[in-house]
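User: I'm new to this one, so please pick a single part, take a close look at it, and then walk me outward from there.

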Amino acid sequence: MQLAARSFSVVLIALAMGVASGRAAAETVLITGANQGIGLEFAKEYAARGWTVIATHRRTTTPDELAKLAAQYPKLRIERLDVTDAAQIEALGAKLKGVPIDILLSNAGLVRTDPLDKPGGNANQMFGTLDYKLLDDFIHTNVAGPLKIAETFIENVKASRQKKIVAISSAAGSVSVPPFMPNGSPVPDHYWYRISKTALNSAMRLLSAQFKNDGVTVVMFHPGGVQVESFGKTSLPGFVPPEEAIGRMIKTIDGLSIKDSGRFMDNDGKDHPW
Ligand SMILES: NC(=O)c1ccc[n+]([C@@H]2O[C@H](COP(=O)([O-])OP(=O)(O)OC[C@H]3O[C@@H](n4cnc5c(N)ncnc54)[C@H](OP(=O)(O)O)[C@@H]3O)[C@@H](O)[C@H]2O)c1
């Protein structure tokens with residue numbers, strides 16, 4: 001009897017540990033732009049939890065970081081996906097037909113064309129020297145891409161247990177507060193990036209209304225200021241390492257339910273101003 005009670009508590013502890021570590025072996029996440037920065041950190045953290053991770057990238061050869069992760073985690077698969085390439089998105093959709101996707105994570109984003117530390121860089125997004133042709137690239141990558149991906153994989157999401165679509169947006173997309181400039185400059189920068197993230201929020205808000213009755217939760221995040229390799233040598237004040245911000249976001253994503261659908265939030269789940 002005593003032995004039975006002890007075995008029962010061992011099972012309970014094991015179950016509790018599984019829940020506490022977020023272990024849910026059957027779950028699947030598809031991540032765009034998973035080869036560096038925030039996307040790579042998501043791939044690492046979900047893989048470490050034992051999830052099936054479909055880590056996508058747009059490079060012509062497999063990025064080393066992803067190859068290393070795949071060697072460490074057999075449930076991580078690497079797929080090529082340029083989010084501006086409708087044919088590539090559809091081909092991956094056909095390949096993954098019938099595969100439930102618990103979290104469809106649109107992370108890939110076009111932020112700037114030059115590293116932050118390049119003198120005079122990114123003038124193409126500044127008033128007075130705006131490059132209007134570039135606006136198409138921003139809209140294709142940051143708005144049409146996530147929308148086309150949602151259109152292509154919606155049945156995979158509906159077939160899953162968690163049914164979540166997550167878009168990595170940005171505080172740069174907020175229109176209700178004065179534009180936030182990470183370098184403290186009073187001159188608005190990154191016009192195309194900001195405009196495209198506002199449009200992304202609008203697109204995701206529409207999706208949330210479209211699929212509420214199907215139980216699909218759609219949210220947008222401002223991930224926080226995250227110091228990533230693509231900043232070059234520039235270190236921005238208050239920006240945190242990817243582990244910190246992404247760990248918080250994953251916890252928030254774990255706790256999301258359909259009542260959250262349509263929200264734009266910070267990585268800790270608090271509402272972010274629209
Ligand atoms: N870091 C921050 O503080 C911060 C703040 C707010 C919002 N965000 C958002 O967070 C997301 C990730 O940014 P990050 O900071 O991690 O920047 P990052 O390190 O520059 O990563 C951007 C990722 O997007 C990929 N990408 C760009 N265009 C693509 C396309 N057409 N198809 C597929 N992948 C594409 C890049 O691929 P390549 O490596 O091939 O270029 C890269 O993997 C973005 O949506 C960004 O707007 C970041």
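Analyst: **Starting from one loop**

Our starting point is Asn-122, which sits in the loop between S4 and H5. Helices (H or I, at least four residues) and strands (E, at least two) are DSSP runs, numbered from the N terminus. Before going on, residues are numbered from 1 along each chain as its sequence is written. Also, this is a predicted model, in which local features need pLDDT of at least 70 and side-chain atom pairs count only at pLDDT 80 or more, while totals for chains, interfaces and linings use all residues.

Back to the loop. Asn-122 has 19 other C-beta atoms within 10 Å, so it is partly exposed. As for the cut-offs, a residue is buried if 20 or more other C-beta atoms lie within 10 Å of its own, exposed if 12 or fewer, and partly exposed in between, with C-beta atoms placed from the backbone. The backbone has a quirk here: the phi of Asn-122 is near 60°, a positive value in a residue other than glycine. Most residues other than glycine have a negative phi.

Asp-114 belongs to the loop between strand S4 (103–106) and helix H5 (132–158) too. Asp-114 counts as partly exposed because 14 other C-beta atoms lie within 10 Å. Setting aside neighbours within four places in sequence, Asp-114 is in contact with Gly-121 and Asn-122; contact means C-beta atoms, placed from the backbone, within 7 Å. Asp-114 and Gly-232 are 118 residues apart along the chain, yet their C-alpha atoms are separated by 9.7 Å.

Now follow the chain past H5. Lys-163 is in the loop between H5 and S5, and although it is not a glycine, its phi is positive, about 50°. Lys-163 counts as buried because it has 25 C-beta neighbours inside 10 Å. One of the contacts of Thr-217 is Lys-163; others include Lys-164, Leu-256 and Asp-260. Thr-217 is in strand S6, and with 23 other C-beta atoms within 10 Å it is buried. From our loop, that's a hop: Thr-217 and Asn-122 are 35 Å apart in space, C-alpha to C-alpha, and 95 residues apart in sequence.

Next comes helix H6 (residues 191–211). Its 21 residues should span 30 Å at 1.5 Å a residue, and its end C-alpha atoms are 31 Å apart, so the two agree. The expected span is 1.5 Å times one less than the number of residues. The buried residues of H6 include Trp-192, Tyr-193, Leu-200, Met-204 and Phe-211. Among the elements covering them are H5, strand S5 (164–168), strand S6 (217–222) and strand S7 (264–266).

Over to the strands S1 and S2. Strand S1 (residues 28–31) is covered on both faces, with Thr-28 and Leu-30 buried on one side and Val-29 and Ile-31 on the other. S1 pairs with strand S2 (residues 52–57) in the parallel sense over 4 bridges; strands pair if DSSP finds at least two bridges between them. Val-29 has Val-53 as its bridge partner in S2. In S2, 6 of the 6 residues are buried, so the rest of the structure largely encloses it.

Some of these residues turn up again in the largest nonpolar core. That core has 54 residues, and those with the most contacts inside it are Ile-31, Ala-43, Val-53, Ala-55 and Leu-104. A nonpolar core is a set of buried Ala, Val, Leu, Ile, Met, Phe, Trp, Tyr and Cys residues joined through C-beta atoms within 7 Å. Not counting residues up to four places away in sequence, Leu-104 touches Leu-30, Ile-149, Ala-150, Phe-153, Val-157 and Ile-165. A second, separate core has 5 residues, including Val-111, Phe-138, Ala-172 and Tyr-193.

Last stop: the ligand. Helix H2 (residues 37–48) gives the largest share of the shell around the ligand, 3 residues. H2 is mostly covered, with 10 of its 12 residues buried. Of the 27 residues around the ligand, the nearest are Gly-33, Gly-37, Ala-108, Gly-109 and Ser-230, where near means a C-beta atom, placed from the backbone, within 6 Å.

Notes:
Two residues are in contact if their C-beta atoms, placed from the backbone, lie within 7 Å.
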